[in-house]
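Got the model open in your viewer? Get your selection tool ready, and we'll walk through it stop by stop.

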Amino acid sequence: MGLQEQKRHFSVNLLDWYMINRRDLPWRRHNNPYFTWVSEIMLQQTRVDTVIPYFNRFIGNFPTVQALAEAPEEEVLKNWEGLGYYSRARNLQAAARQVMELHGGEMPQDKQSVFALKGVGPYTAGAILSIAFNQPQPAVDGNVMRVLSRYFLIDEDIMKGSTRVLMEELAGELIPEGRARDFNQALMELGALVCTPKAPHCLTCPVMEQCSGRIAGRELTLPVKTKAKPPRPEQRLVALVEGRGAHRGRVLVRQRPETGLLARMWELPHVLAAPAAAGKAAAPLADEPAMALLAGSLWAEGFAARPEGLATHAEHVFSHIVWSLQVYKCTEQDQSSELPLIAAEARAAYHAQAASMAESAPAAESSSSTAAQAAQEAMTGKGDGLTYQWIGPEDMEKLAFPNVFLKLLRNYFAGAYDEATEQ
């Protein structure tokens, strides 16, 4: 069978399979460009089952482009809370405002205008134009590149821009006339349900007979993909500060800066304990120097709090950083207490452990130096002018937190860490 016949076999059989096996997803029930757009942004690096309740809630609260454009950012972030990658939500709202200002609230139908929207890349533009408007535009993401790599036995590295161009051209050639909407969704569906990354279900695949990768025994080695650089590990100390007096029953939180990582999100106060040496995991800090450093960090920001004990460990994974969190339960103190002494002792306790780590791992010397500098900056209060606030459980419904801090706070208010101060 020649290449053209192989392409025709793929398109015909894939569409037939999809019309019988497609999932009933809320954004597929209407050819609404806005719904398609929101769903595609949410589905980036997130599973369908996870997205469905978020999509339903988001559309329920922001049913139109205008509603999203006019909503307070805090409300948008709160509705996105738990999905992660919060820049996607901010970009989505910024793009909604673009649609209102430049296109009268109607999603544009030409590729250049869609691609110009903030946060919309080649894949999302192709998905919107093909699914919402049935235009013959390719929508090539990781799932699609995996399917095409296997079916056509393509050995090119899918992390390269040239390979993406090749895949987009190929995907465009496969779209049957007048069937772009169904075909692109069928291609996505095949990658999500059948032609999966580690265990493809070849025996149930509608195009298995002409799959060159399967015939060559390469279905498990394709696609070719350069390994991404591993995220940098960081050890961080987190303060769960319980209020006293007027703040009794409340916890201290802070809002991150206007720009940068997790911009304007709320979090528990935390400080860098030590960055890891290249290629090594971040080592936990012993409790005594950790609590001293944490107390000093809080004092430098204008808060007197005494760490009482380790409450729990947690982890937060970004694309480029992994935070390993040591979470300490702390108690608010009077400014006249001995906290200044504890803050002063933090340097000695911290540097003692840093010196010990340097002796046991000479290669990490530069990393320890960086850690010491970070500690020094924290102690002298050279921060970002963050906004602090005392909150109770009722405030959890108003403020948007990254997932890890959301879980920690919910557990705290449920009494999960009471033993940390009873021991």
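**Stop one: Phe58 and its partner**

Select Phe58: this residue is buried, with a relative accessible area of 0%. Here buried means under 20% relative accessible area, exposed means over 50%, and partly exposed is in between, using a 1.4 Å probe and protein chains only. Before going further, note that this is a predicted model, where local features need pLDDT of at least 70, side-chain atom pairs count only at pLDDT 80 or more, and totals for chains, interfaces and linings use all residues. Residues are numbered from 1 along each chain as its sequence is written, and side-chain values use heavy atoms, with hydrogens and water left out.

Now add Trp80, which is also buried, at 0% relative accessibility. How are the rings paired up in this model? Rings of Phe, Tyr and Trp (for Trp, the six-membered ring) pair if their centres lie within 6.5 Å; planes under 30 degrees apart count as stacked, over 60 as edge-to-face and the rest as tilted. By this rule the count comes to 13 aromatic pairs. Phe58 and Trp80 make one that is edge-to-face, 5.8 Å centre to centre with 80° between the planes. Phe58 sits in helix 3 (residues 48-61) and Trp80 in helix 5 (residues 73-80), so the pair ties together parts that are 22 residues apart in sequence. Helices are DSSP runs of H or I with at least four residues, strands are runs of E with at least two, and both are numbered from the N terminus.

For another edge-to-face pair, jump to Phe318 and Trp323: 4.9 Å centre to centre, 75° between the planes. Both of these residues are buried. Then try Trp27, Tyr34, Phe35, Trp37 and Phe55, which ring pairs link into a cluster.

**Stop two: along helix 3**

Show helix 3 as a cartoon, with sticks for its buried residues: Val48, Val51, Tyr54, Phe55, Phe58 and Ile59. These pack against helix 2 (33-43), helix 4 (65-70), helix 5 and helix 6 (86-103), where contact means heavy atoms within 4.5 Å.

**Stop three: the cores**

A nonpolar core is a set of buried Ala, Val, Leu, Ile, Met, Phe, Trp, Tyr and Cys residues joined through side-chain atoms within 4.5 Å. Which residues have the most contacts inside the largest one? They are Tyr34, Trp37, Phe58 and Phe401, in a core of 64 residues. Click on Tyr34 to find it touching Phe58, Ile59, Phe62, Pro63, Thr64, Val65 and Leu68, leaving aside residues up to four places away in sequence. Apart from that core lies another, of 29 residues, including Leu15, Tyr18, Ala180 and Cys195.

**Stop four: some backbone oddities**

Most residues other than glycine have a negative phi, and most peptide bonds are trans. Leu153, though, has a positive phi, near 50°. Look for it in the loop between helix 9 (142-151) and helix 10 (161-174); Leu153 is partly exposed, at 32% relative accessible area. Leu262 also has a positive phi, near 50°, and is buried at 10%. Find Leu262 in the loop between strand 2 (251-255) and strand 3 (266-267).

Next, select the peptide bond from Leu222 to Pro223, which is cis, with omega near 5°. Pro223 lies in the loop between helix 12 (212-215) and strand 1 (232-242).

**Last stop: Ser149**

Finish in helix 9, at Ser149. Is Ser149 buried or exposed? Ser149 counts as buried, at 0% relative accessibility. Beyond residues up to four places away in sequence, Ser149 touches Ile154, Ile158, Met167, Leu222 and Pro223.
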